[in-house]
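Please look through the structure below with its helices in mind, and then with its empty spaces in mind. The paragraphs that follow take these two topics in turn.

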Amino acid sequence: SQQRLEIMDNLLEWRKHQRKQLIVARETLSAALHQQWSDTISDLLKQGFPELQKMNIGIYWPFRGEYDPRPIAQYLRQHGATLALPEVVGKDKPLCFREWWPGMPLKNGAYGIPAPIKAKAIRVDALIIPVVGFDQHGYRLGYGSGYFDRTLATYQPQPLTIGIAFEMQRLENVYAQPHDIALHYIVTEKGIFRTEDHELKFISTSQCKDG
C-alpha cells in the first residue's frame with residue numbers, strides 16, 4: 001500500500017541518518033578512549049567465549065573507527081581457532097569467508113576492504129560482526145547493503161553471532177524488517193549482552209562462559 005511505501009522510505013531515510021551520525025561519533029572518538037574500550041571488549045571476548053578457540057571464526061577488517069578484532073583473532077588463532085575474512089563475490093550474493101592468518105597477502109576487495117587472495121573458502125561456526133548501531137532487541141544497524149543477513153540466511157544451523165559495538169551506538173529500536181536476523185550476543189565496553197526472548201539482557205562473563 002501507499003502508506004507502507006511511505007513508511008519504508010522514511011525508515012530508509014531514518015536509518016541513513018542514524019548510520020551517518022553513529023559513524024561520525026565513532027570516527028571522532030579520541031584514540032585513547034577507542035583503545036581503552038577496545039581492550040575491554042577484547043578481554044570480555046577472551047573471558048566470555050573460550051569456545052571460540054575451537055571454532056572457524058569469521059572476522060572483519062576494521063574500517064571507519066570500528067573495533068579492531070585482529071589482536072583478539074590472533075590470540076584465538078594461537079589457541080587453535082581458524083580465522084576467515086569475508087569476500088564480497090557479487091552484489092546480491094552471500095559473503096564468501098576465506099581462510100586468513102596475520103601476514104597473509106591481501107587484495108583490495110569491494111568497498112576498499114582487504115580480502116585474502118585465493119585462500120580456501122571456509123564454513124564458519126562463529127561470526128564476529130561489526131555493528132554501526134544496535135537496539136534493545138538484539139538487532140543491528142549495518143552499512144545498509146544486507147550482506148550479513150543474506151549470508152546468515154544461507155546457514156543451517158546458524159553460526160554463533162557476536163556483534164561488536166561501543167555503548168554509544170545503542171539505539172532504542174532499529175525497526176528490524178522481516179529478513180533481519182537478531183544477533184545472539186552483543187559485546188560493548190560495558191559488558192556482554194545476550195538476546196533472550198527478543199530482549200537484550202546483560203550477562204556476566206562467567207554466565208556467558210557456562211552459557
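A residue is called buried here when its relative accessible area is under 20%, and exposed when that value is over 50%. The model is a predicted one, and a good place to begin reading it is helix α2, which runs through residues 31-48 and has 18 residues. From its first C-alpha to its last, α2 reaches 25 Å, which is close to the 26 Å expected at 1.5 Å a residue. The buried residues of this helix are H34, W37, S38, I41, S42, L44, L45 and G48. Because these residues cover an arc of only 160° around the axis, they are on the same side of α2. The elements that cover them include α3 (70-78) and α5 (205-210), together with the strands β9 (160-164), β10 (185-188) and β11 (191-196).

Since α3 is among the elements covering α2, it is natural to turn to α3 next. Its buried residues are I72, A73 and L76, and these fall within an arc of 100° when seen down the axis of α3, so they line one face of the helix. The face of α3 turned away from that buried side carries the exposed residues P71 and Q78. What covers the buried residues of α3 includes α2 in its turn, along with β1 (56-58) and β2 (82-87). After α3 comes G80, a residue whose phi is positive, near 115°.

The empty spaces can be considered next. Rolling a probe the size of a water molecule over the atoms shows where empty space is left. The count comes to 1 cavity of 30 Å³ or more, and the largest cavity has a volume of about 50 Å³. Its lining consists of R26, Y60, E66, Y67, P130, V131, I164, A165, F166 and Q169, which by class gives 7 nonpolar, 1 polar and 2 charged residues.

The largest pocket, for its part, holds about 970 Å³ of space. It is lined by 42 residues, and of these G142, Y143, G144, S145 and G146 lie nearest its centre. The elements that give two or more residues to this lining are α1 (2-27), β2, β5 (114-116), β8 (140-141) and α4 (147-153), and α1 gives the most, with 10 residues. Divided by class, the lining of the largest pocket has 22 nonpolar, 8 polar and 12 charged residues. Strand β2 thus appears both in the cover of the buried residues of α3 and in the lining of the largest pocket.

Terms used
Residues are numbered from 1 along each chain as its sequence is written. This is a predicted model: local features need pLDDT of at least 70, side-chain atom pairs count only at pLDDT 80 or more; totals for chains, interfaces and linings use all residues. Side-chain values use heavy atoms; hydrogens and water are left out. Helices (H or I, at least four residues) and strands (E, at least two) are DSSP runs, numbered from the N terminus. The expected span of a helix is 1.5 Å times one less than its number of residues. Buried means under 20% relative accessible area, exposed over 50%, partly exposed in between (1.4 Å probe, protein chains only). The arc is that of the directions from the helix axis to the C-beta atoms. Contact means heavy atoms within 4.5 Å. On a 1 Å grid over the protein atoms alone, a cavity is a set of points where a 1.4 Å probe fits but cannot get out, and a pocket is an open set with protein on both sides within 12 Å along at least five of seven lines; lining residues have an atom within 4 Å of a point. Grid points are joined across faces, edges and corners, and a volume is the space filled by probe spheres set on the points. Ala, Val, Leu, Ile, Met, Phe, Trp, Tyr, Cys and Pro count as nonpolar, Asp, Glu, Lys and Arg as charged, and the others, Gly among them, as polar.
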